[in-house]
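Trainee: I keep hearing labels for parts of a protein. Can you show me how each one is earned?

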Amino acid sequence: MIIRPSTNWLRMLFVWDGSVLKTIVPQLLLMLAVSVLAVVTGGHVFGAKIPLDTVPFPLVGVSLAIFLAFRNNAAYARFVEARQIWGRILIAARALTSQVINYLPEDGDGFERKLFVRRLIAFVYALTHQLRGTDPAADLRRYLSKAEAAELRGMQYIPVALLDRIRLMLSRAGRKRGQGEPLLWILDAQVSELAAAVGGCERISNTPIPFAYGVLVHRTVYLYCFMLPFGLVADLGAATPLVCVFVAYTLFALEAIAQEISEPFGTDPNCLALNAMTRNIERSLLEQCGQEMPAEIAPCERYKVM
């Protein structure tokens, strides 16, 4: 995810890293070629004049704006919901750790607070890897025993399995101390909140924006842009490529941004910073337990400074 300090308007004009411009350069070059062709031929294709004027374009532009607004709003809603879910994961993990520290202190009855925290951190890392389709083995080995990490590797839903083990630990500790059902309900509420967060992330990850909307917007944008030079060439002349490439940049960029943020758990520059958020949860839980914290994940230099 792009993290930048506040900058002035002039530098913003020349931002490259983090901008979707690099992903749409081929389309803009194609648009430039089409526009130049329209100027050179005077709007003729194979000797025939394409009978276009500027009247239909505002009408089509209104429809296109509606389609793009819907697509971008839907994509941004997914992005915001995903960020809110990860905020709830942080809150629930901190609350559960605090409750364990204060309600289930270590007193030699077999409850291992360090194992509990390690499993909770492993859960967060496992969820990150599940959402990104990557191998969690290295992060699981950092916090779990070799035997447990190997056992979990063969499972399909590792975060759920870790939550089950955490819940079992809490249940055994609470019942052994005779602290009754109310304490277990309090602890279980936070575990259930983490489980709900897993389900929310899976819902976003497994339910993309309907493909038909993307196809409709994609086709409409490209058809509109490729027709635009032939409708404007009679009025704009040599300035047609400049105007058409600028209009195409706006439309292509909006589509590209929507495509990136509609998959908030991806690795594109404008997706959620899952690695940094996971490390933040890890650091917070370790600090609560008085253990040494790893360093924060800092954004790479090309994203941090201009």
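Mentor: Start with the word helix. A helix here is a DSSP run of H or I with at least four residues, and a strand is a run of E with at least two. Remember too that this is a predicted model.

Trainee: How many helices and strands does that give in the protein?

Mentor: There are 12 helices and 2 strands. Along the sequence the pattern reads α-α-β-β-α-α-α-α-α-α-α-α-α-α.

Trainee: What does UniProt list as "transmembrane region"?

Mentor: The unreviewed entry lists residues 57-74 and 221-252. Such annotations may be inferred rather than shown by experiment.

Trainee: What is the chain like over each of these spans, in helix and strand?

Mentor: Residues 57-74 are 100% helix and 0% strand, with end C-alpha atoms 25 Å apart. Residues 221-252 are 91% helix and 0% strand, and the end C-alpha atoms there are 7 Å apart.

Trainee: How do you know whether the length of α9 agrees or disagrees with what a helix should span?

Mentor: Helix α9 covers residues 211-236, which is 26 residues. The expected span is 1.5 Å times one less than the number of residues. That gives 38 Å for α9; its end C-alpha atoms are 37 Å apart, so the two agree.

Trainee: Where does α9 kink?

Mentor: The kink lies at M227, and is about 30 degrees. The proline P229 follows shortly after. Just past the end of α9, G237 takes a positive phi of about 60 degrees.

Trainee: What does the span test say for α7?

Mentor: With 19 residues, α7 should span 27 Å. Its end C-alpha atoms are 27 Å apart, so the value agrees.

Trainee: Now burial. Why is S35 called buried?

Mentor: Buried means under 20% relative accessible area. S35 has 0%, so the label fits. This residue sits in helix α2. Its C-alpha atom is 4.8 Å from that of P241, although the two are 206 residues apart along the chain.

Trainee: What makes R141 exposed?

Mentor: Exposed means over 50%. R141 has 52%, so it counts as exposed. R141 belongs to helix α5.

Trainee: How much of the protein is buried?

Mentor: Buried residues make up 41% of the 306 residues. In α7 they include I158, L162, R165 and M169.

Trainee: Next, charges. What makes R88 and E193 a salt bridge?

Mentor: The rule is a side-chain nitrogen of Lys or Arg within 4 Å of a carboxyl oxygen of Asp or Glu. The closest N and O atoms of R88 and E193 are 3.5 Å apart, so the pair qualifies. R88 lies in helix α3 and E193 in helix α8, so the pair ties together parts that are 105 residues apart in sequence.

Trainee: Why are R88 and E193 called partly exposed?

Mentor: Partly exposed lies between the 20% and 50% limits. R88 has 37%. E193 has 30%. Both values fall in that range, so both get the label.

Trainee: How do you know that R119 and E148 form a salt bridge?

Mentor: Their closest N and O atoms are 3.0 Å apart, which meets the 4 Å limit. This pair links helix α4, home of R119, to helix α6, home of E148, 29 residues apart. R119 has 13% relative accessible area and E148 has 7%, so both are buried.

Trainee: Which residue pairs with E151?

Mentor: R165 does, at 3.0 Å from N to O. R165 is in helix α7 and E151 in helix α6, 14 residues apart. R165 is buried at 17%, while E151 is partly exposed at 47%. Salt bridges that share partners join R119, E148, E151 and R165 into one network.

Trainee: How many salt bridges are in the whole structure?

Mentor: The search finds 11.

Trainee: Last one. What makes the nonpolar surface patch?

Mentor: L29, L32, V36 and V40 make it, with about 360 Å². A patch residue needs over 30% relative accessible area. L29, in helix α2, has 53%, so this residue passes that limit and is also called exposed.

Notes. Residues numbered from 1 in each chain as written. Predicted model: local features only at pLDDT ≥ 70, side-chain atom pairs only at ≥ 80, totals over all residues. Heavy atoms only, no water. Bend = angle between axes of the 7 residues up to and from the residue. Buried < 20%, exposed > 50% of the residue type's maximum accessible area, 1.4 Å probe, protein only. Patch = residues over 30% accessible without salt bridge, like charges linked within 9 Å, V, L, I, M, F, W, Y side chains within 5 Å. Areas by Shrake-Rupley, 256 points an atom, 1.4 Å probe, with all protein chains shown as cover.
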